[in-house]
Amino acid sequence: MSVQTAVVLAAGEGTRLRPLTRNRPKPMLPAANRPILEHVLDALVDAGMQRLVLVVGYRRERVQEHVGPSYRGVPVEYVVQHKQLGSGHALLQARDAVDDALIVVNGDRIIEASAVESVVDAFDTDGVQSAVAVLERPDASRYGAVTLHDRDIADIVEKPDSDEYRLINGGIYAFGPAIFEAVDETPRAAGELGLTDTIATLADEARVRGVRIGGLWVDATYPWDLLEVSAEILARGRVNQPQRREGVWIDNDASVHDDATLRGPVVVGPDCEVGPGAVIGPEVALGRNVTVGPNATVERTVLDVDTRIEAGSTLQDTVLGQDVHLGVATTIPGGPSEVRVNQQVFENQRLGAVLGDRVRVRGDASFAPGTLVGPNVTVGTGTHVSGTIAEGAEVVR
Amino acid sequence: MCGIIGCVGRDGETLETLVHGLSKLEYRGYDSAGVALTGDGETVEISKKAGELDDLRAALEEYAPAGEVGIGHTRWSTHGPPTDENAHPHQDCTGRVAVVHNGIIENYQALRDELATSGHTFRSDTDTEVLPHLVEEGLDSGLDPDAAVRQALTRVDGSYAVAVVVAGVDAVFAARNDSPLVLGEDDDAVYLASDVPAFRDFTDRVVYLADGEFARLDGEGWTVTNIDGETVEKTVDTVDWDPEEAGKSGYDHFMLKEIHEQPRALRQCLRGRVEELGGNIEVGDLGDLSPTGVQFVACGTSYHAALYGAQLFQQAGIPAQAFLASEYASSPPPIGDALVIGVTQSGETADTLSALREADKRGARTLAVTNTVGSTAARECDHVFYIRAGPEIGVAATKTFASQLAALNLLVLAMAGGNARDIVPALRDLPGDVQALLDDSNAEAIAEVYEDSSAYFFIGRGYHYPVALEGALKMKEISYKHAEGFAAGELKHGPLALVTEETPVFAVVTGDGESARKTIGNVKEVEARNAPVVAVTDGASEVERYADHVLRVPETHPRAASVLANVQLQLVSYHVAKRLGRSIDKPRNLAKSVTVE
């Protein structure tokens, strides 16, 4: 294979995923019980990449600490994008680290190895200088929409107003080394340098192959999307823990009490502890070092690293950040709900609550469906919480 | 303290392999470096240079020794200043023999006088140089190289790990006594080194040599014999960590990387050992030791961990003391039936090893708390408890201190019992709490304010006293600034005279108990002398009212708070040193694991 280097764009925060991205970039958010980025890197390594270049920026130490100097034996280099000025600008930071043809992917979107291989194959065999993955989506207007002419890209538009588009940009690119110059020459729009602008220019000047891909392709735009992403990952069994029975994966270093019930699909990460009488699942992912106390019930929920749920709590359709503590008998019933993000209101979302990192709930508290709680919030005993709670607030009855 | 490397069977890549190995051993010493390859001729081909490894690399551009078999050395001076002449490898008069050595030869002066009298010419000031001349004597008397090296080693007293090559012989001869040495085997090559990372890029199969063992590495592989020449059966171990873990992963310094690795290191330390809901601590048979008394021996940062450990045991009702290992070895206290616990990151710290041996001689039970599997301390002690922090490359210990404190908490719970109900959840929360602190730390801003201070003082009480000492040690090690740690109550008994407007005082105060209130009293004494006060606190007490700056730690159990407070102080030292442009990962005059006494 001619392309052996992959550049992964992992510098962005993902502002629409706040409060979960307060302390880490979007690629480090959990998809089931592993960061999204790990799934991306898995696809690249499985597709035969020999070198990974990670463009990091926002909260970059979280990425560096987690991935380290190599991933599954493939060396990883880091380049820093100090200001997040668009995907083209991010790619440009890797200029000095790459001399040959390269693959470019987004670090926050889960893809399959076969999709990467398809793009590389097309790039190798068709003698083009650029190839872009495209796929069909019913909701194409939410993404970068694409039209093809023969097998080449004819048109590429970010989030078009019309709903005539069926194909979208899959965010997997193969380029020759000349791409850096092309990006550099692309005019900035409102101070930002978007990679799709460069591709639009290239498509006008020369051929840009559009490569149809299939398989897993999931993206989280809003916090509740993480539930969907995790369900998708679990349905496909993309977890590292050993399978105990159909749809139930438990790490060797986890301890699950004999009297706890696991309803698959469910994954229990390393160092977790599940107490007697707890009922976990379906569609639940426990990250590393999570404690679920006796008689707690957890359904369709993502519990991230170091989280603790005390006895008798009930959680449905919920996403918890890292190191969250829920005291005895905390109740979070599931959606449907109305959620407000910035100025937009999303109706009929299936969401219990989203709690940011290090939220402390003292016990006997309840949350209305659709509640968003910022990091480091303290919730007093017996409190009912609803709406959006700002970072660091103390909620008392 | 030095690093040695050797390899056989890397056809055409011998030099590259050696230099690569030396780059991984730089933490063991870096004031000079050199290599020797057997070559084709009558003499061994050598290149060596004072200075860092890059100076050797530059010299190798001019002249590159060649050969199928070679040895290399990175030096940290003990005898003679760092000069080209004093750099290893050392040779005999004829240039046939080259030797690299880590350790100290105690009777070198007598040997040197004797050899000089019989006509040998010495070129360096080192103790090591007697070895090649002794080997030369053996070869001249008709011995084969193997026997000549053995005979030479019977003449020397002291500590050594040595590797020897002889021109025209495609083999490396090696031996150890009180200094670390490990072999590595690959499909068609064999290696030896002071430490595994030197050849971990090529193989993960290793053989740990014991004291008094002698090894021969050649095209056939390796053989290990004892002093009498009898073959010793050795087991081949597999090391499971990734060589790349020694990489910097995009951080400016290993130290910063290792500070950020602490949540992960702590999770590894606690993994499978702590059960919160059941309250069980799983540490194998260590729980059955039930000591009636404990004596800790340790040096440097590990000594601070030992001071903390001694308090843990005392609180649990078991008499315990912490000793500086170097003092313990020369004037040991009565041991009785106490358990002697050696705390050493590397497991090779010479002072700690000799203290443990002293205790062993007196019939005491010994326990090593170490980070290094297969290290001398791990093998020589009756029991071992691994802290599982992963390799630490920065000379200033960071994550291993945090893991030592966590490990000691587990030990005391397992051995002495006590109330696990509060501390066990706090331990499980510790990785998350450290992460919270790292995410929000304002240490960099505080470092900016105080980078020009003339001295730094650190005070703490109880579990925070070792943290004060450790905070000062970090500051000394990497910023080269004057720093001292004091028990808070001791301040008024003398050190307060040093406190001025120019000397910030870092006060570690958590919780709101008796101890916090007393320390706040000491903070007021400092405040009255107009010294700037930086409080390291969880916000439970009123210390912030008297502080100019605050470093915040999450609220938790007092024992876990010490780990957290220490992380803030690590960050302050790091950022002060960085602003001053210091060589953070390799501070001057210091080496990672000190294998000389």
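**Exercise 1. The parallel sheet of chain B**

Determine the strand order of the open five-stranded sheet in chain B, and state which helices pack on it.

*Solution.* In this predicted model, five strands of chain B form an open sheet in the order β18-β17-β19-β20-β21, and their pairing is parallel. The next step is to find the edges: β18 (320-324) and β21 (383-386) of chain B each pair on one side only. Neighbouring strands here are turned against each other by 20 degrees on average, direction ignored.

At one end of the order, β20 (residues 365-370) of chain B is joined to β21(B) by four bridges, with the two strands running parallel. Within β21(B), Phe385(B) is the residue opposite Val369(B).

The helices complete the description. Helix α8 (residues 300-315) of chain B packs on the sheet through contacts with β17 (294-298), β18 and β19 (339-344) of chain B, and its direction makes about 170 degrees with that of β18(B). Helix α10 (residues 350-361) of chain B lies across β17, β19 and β20 of chain B, at about 165 degrees to β19(B).

**Exercise 2. The antiparallel sheet of chain B**

Identify the edge strands of the open six-stranded sheet in chain B and the helix that packs on it.

*Solution.* The order is β5-β6-β7-β8-β12-β13 (chain B), with antiparallel pairing. Its edge strands are β5 (90-91) and β13 (221-225) of chain B, each of which pairs on one side only. Helix α5 (residues 145-155) of chain B packs on this sheet; the helix touches β7, β8 (171-177) and β12 (214-218) of chain B, and its direction makes about 20 degrees with that of β8(B).

Inside the sheet, nine bridges link β6 (residues 97-105) of chain B with β7 (residues 158-166) of chain B in the antiparallel sense. In that pairing Val97(B) stands opposite Val166(B).

**Exercise 3. Two enclosed strands**

Explain why β2 of chain B is described as largely enclosed, and do likewise for β12 of chain A.

*Solution.* Begin with β2 (residues 32-37) of chain B. Six of its six residues are buried, so the strand is largely enclosed by the rest of the structure. In a regular strand the side chains alternate between the two faces of the sheet. Both faces of β2(B) are covered, with Ser32(B), Gly34(B) and Ala36(B) buried on one side and Ala33(B), Val35(B) and Leu37(B) buried on the other. Six bridges pair β2(B) with β4 (residues 69-75) of chain B in the antiparallel sense, and there Gly34(B) stands opposite His73(B). Six bridges also join β2(B) to β3 (residues 45-50) of chain B, again antiparallel; Ala36(B) has Ile46(B) as its bridge partner in β3(B).

Turn next to β12 (residues 167-175) of chain A. Nine of its nine residues are buried, so this strand too is largely enclosed by the rest of the structure. Its antiparallel partners can be taken in turn:

- β7 (residues 102-106) of chain A is joined to β12(A) by four bridges, and Ile103(A) stands opposite Ala174(A).
- β9 (residues 130-136) of chain A pairs with β12(A) over six bridges, and Glu136(A) stands opposite Leu167(A).
- β10 (residues 144-149) of chain A is joined to β12(A) by two bridges, and Val146(A) has Leu167(A) as its bridge partner.

**Exercise 4. Cores and contacts between parts**

Describe the nonpolar cores, then the contacts between the domains of chain A and between the two chains.

*Solution.* The largest nonpolar core has 201 residues, of which Val172(B), Leu192(B), Ala406(B) and Ala507(B) touch the most other members. Not counting residues up to four places away in sequence, Ala406(B) touches Leu266(B), Cys269(B), Leu270(B), Leu427(B), Leu430(B) and Val563(B). A second, separate core of 129 residues includes Leu29(A), Val67(A), Val128(A) and Val377(A).

Chain A is divided into domain 1 (5-219) and domain 2 (225-395), whose C-alpha centres lie 30 Å apart. Contacts link 15 residues of domain 1 with 28 residues of domain 2 of chain A. On the domain 1 side there are nine nonpolar, three polar and three charged residues.

Between the chains, 22 residues of chain B are in contact with 24 residues of chain A. Helix α13 (residues 420-440) of chain B gives the most to the chain B side, with seven residues. By class, that side has four nonpolar, seven polar and 11 charged residues.

Technical notes
Residues are numbered from 1 along each chain as its sequence is written. Chains are lettered from A and ligands numbered from 1 in the order in which they are written. This is a predicted model: local features need pLDDT of at least 70, side-chain atom pairs count only at pLDDT 80 or more; totals for chains, interfaces and linings use all residues. Two residues are in contact if their C-beta atoms, placed from the backbone, lie within 7 Å. Ala, Val, Leu, Ile, Met, Phe, Trp, Tyr, Cys and Pro count as nonpolar, Asp, Glu, Lys and Arg as charged, and the others, Gly among them, as polar. Domain bounds come from an automatic or database domain assignment. A nonpolar core is a set of buried Ala, Val, Leu, Ile, Met, Phe, Trp, Tyr and Cys residues joined through C-beta atoms within 7 Å. A residue is buried if 20 or more other C-beta atoms lie within 10 Å of its own, exposed if 12 or fewer, and partly exposed in between; C-beta atoms are placed from the backbone. Two strands pair if DSSP finds at least two bridges between them. Axes are lines fitted to C-alpha atoms, for helices over the stretch in contact, and angles run from 0 to 180 degrees between N-to-C directions.
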